[in-house]
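Me: I would like to learn how to read side-chain contacts and helix packing in a model. Could you take me through them step by step?

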Amino acid sequence: MTYFTDVSHIPFEGRSSANPLAFKYYDETEKVGDKTMKEWLRYSVAYWHTFNEGGADPFGAATINHKWNHYSGIDQAKARAEAAFEFIDKIGAPFFCFHDVDVVSQTDSLQAFNKELDEIVPVLHSYMKDTNTELLWNTANLFIDPRFLHGAATSSNADVFAYSAAKVKKQLEIGKELGAKNYVFWGGREGYESLLNTDMGFELDNLARFYHMAIDYAKEIGFEGQFLIEPKPKEPTKHQYDYDVASAFAFLQKYDLTDHFKINIEANHATLAGHSFEHELHYARANNMLGSVDANQGDLLLGWDTDEFPTDIYAATLSMYEILKNGGLGNGGLNFDAKVRRTSIDPSDLLHGHIVGMDTFAYGLKVAHRLLEDRALESIIENRYSSFKEGIGQDIVTNNTDFHKLADYAHQTEITNISGRQEMIRGIINQYILETN
């Protein structure tokens, strides 16, 4: 069956095109620096929002009922896979991602669930070969099932800890079979509702034990993908342990996990934590922890995770600036963890959402590359810290001073600051955005 009948393939037609089913800026073969757009951006389609999403929100039932969801059981799983890879092939994304419950429906029995996974994985593998698509990452969903009401790896119930381990074990095996580039942990229930009934230290110790067991099992079976942690500050728990990049990094340092993990950063999660997207990317890059990206945006007027397709050129430019300075995303990519609005009920809306997201980041890539090539921001930053290049500043950086010398210097010196020129910098960025072709 053909599910997306409006187009056979999304072409690149350039900025003058009036065709809504064509890329205006994303030309996968265009070189930006030493890599093509396809190599820099490494786009991925999120199985859950794109093919499973029904448009429900906290205040309303589902509004979207695509044809591939008109089935049940394993037939539904196969229909979704058929639709998914038709879509992935037509949009031209080289990667996809999934949770275990995205590709088959959750069952009460773990044995029955694994049996259905064993049936659908060869189907996925076959489609991957036919469409030349790779698996960016897979994961076990450890937050939807009622078993996880107290958490998964941080549950107060040891039986739930074991159940969670069994789910991850299976997904690591599937990840190896499908050649996953990464394995991501999102701790949707790894947090607390109240400290009055929570032993936070014990829960964090158990979470670290869980991750070390996952590392050991990955080595045992020869899974070579990068492990990722995806931070989120709240929703569904009041306080999730992986609140932001900084807290996730601190956790990894404490439990000797930094050699095995990097961070998967989602734009909407960054803003929920009170940070900008580029802040989280910058913090991860500065600590050599930038692994992959979930590309979306939130509505700053709403208090929950709206997962909108990214359209903000300014934010995309600043995020690609960080990714370029990182030398790219390595094993990672830009995964569209985004969903169409609940009023967008046609299959073609899924195409439009991905087209605008892919064009947005392609444009941001070009602007960011020009900024870096021209050192438009780098020279300003270097000048701002120029006092550390000589004299007492150089002594500070080279550890050639102490409080006695610094105090003597301060008593003899009149401090003169230079302007940060933030308004000028924003004007420069605007100019580059407007003048990029």
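Me: Let's begin with salt bridges. How many does the structure hold?

Reply: This is a predicted model, and it holds 14 salt bridges. A good one to start with is the pair of Glu119 and Lys78, whose side chains meet at 3.3 Å, N to O. Glu119 belongs to helix H5 (residues 110-131) and Lys78 to helix H3 (residues 73-91), so to read the pair, note that it links distant parts of the chain, 41 residues apart.

Me: Are Glu119 and Lys78 buried or exposed?

Reply: They fall in between: Glu119 counts as partly exposed because its relative accessibility is 37%, and Lys78 is partly exposed too, with a relative accessible area of 34%.

Me: Which residue does Lys181 form a salt bridge with?

Reply: Its partner is Glu134, and the closest N and O atoms are 3.0 Å apart. Lys181 lies in the loop between helix H6 (158-178) and strand S6 (182-185), while Glu134 lies in strand S5 (residues 134-139), so this pair ties together parts 47 residues apart in sequence. Lys181 is partly exposed, with a relative accessible area of 25%, and Glu134 is partly exposed at 35%.

Me: What about Lys325 and Glu378: where in the chain do they lie?

Reply: Their side chains meet in a salt bridge of 3.1 Å, N to O. Lys325 is in helix H11 (residues 313-325) and Glu378 in helix H13 (residues 378-384), which puts the two 53 residues apart. Look at accessibility here: Lys325 is partly exposed at 34%, whereas Glu378 has a relative accessible area of 15% and is buried, because that value is under 20%.

Me: Which residues are joined into one network by salt bridges that share partners?

Reply: Those are Lys232, Glu235 and Asp305.

Me: Now the aromatic rings. What describes a pair of them?

Reply: You need the distance of the ring centres and the angle of the planes. A search of the whole structure finds 32 aromatic pairs. Take Tyr183 and Phe227: their centres are 6.2 Å apart and their planes stand at 75 degrees, so the pair is edge-to-face. Tyr183 lies in strand S6 and Phe227 in strand S8 (residues 226-229), so the pair ties together parts 44 residues apart in sequence. Both rings belong to buried residues, Tyr183 and Phe227.

Me: How do Phe251 and Tyr255 pair up?

Reply: With centres 4.9 Å apart and planes at 50 degrees, this pair is tilted, because the angle is neither under 30 nor over 60 degrees. Phe251 and Tyr255 are both buried.

Me: Which residues form one aromatic cluster?

Reply: The cluster is formed by Tyr3, Phe4, Tyr47, Phe51, Trp68, Phe85, Phe87, Phe96, Phe98 and Tyr127.

Me: Which residue lies over the face of Trp40?

Reply: That is Lys35, at 4.3 Å from the ring centre.

Me: Last topic: what describes two packed helices?

Reply: The angle between their axes and the distance between the axes. For H6 and helix H7 (residues 200-221), the axes come within 10 Å and cross at roughly 30 degrees. The crossing of H6 and H7 is right-handed. On the H6 side, the residues making the contact include Phe161, Ala165, Val168 and Leu172. Among those on the H7 side are Phe210, Met213, Ala214 and Tyr217.

Definitions and conventions: Residues are numbered from 1 along each chain as its sequence is written. This is a predicted model: local features need pLDDT of at least 70, side-chain atom pairs count only at pLDDT 80 or more; totals for chains, interfaces and linings use all residues. Side-chain values use heavy atoms; hydrogens and water are left out. A salt bridge is a side-chain nitrogen of Lys or Arg within 4 Å of a carboxyl oxygen of Asp or Glu. Helices (H or I, at least four residues) and strands (E, at least two) are DSSP runs, numbered from the N terminus. Buried means under 20% relative accessible area, exposed over 50%, partly exposed in between (1.4 Å probe, protein chains only). Rings of Phe, Tyr and Trp (its six-membered ring) pair if their centres lie within 6.5 Å; planes under 30 degrees apart count as stacked, over 60 as edge-to-face and the rest as tilted. A charge sits over a ring if NZ of Lys or CZ of Arg is within 6 Å of the ring centre and within 35 degrees of the ring normal. Axes are lines fitted to C-alpha atoms, for helices over the stretch in contact, and angles run from 0 to 180 degrees between N-to-C directions. A crossing is left-handed if the near helix is turned anticlockwise from the far one by less than a right angle, and right-handed if clockwise. Contact means heavy atoms within 4.5 Å.
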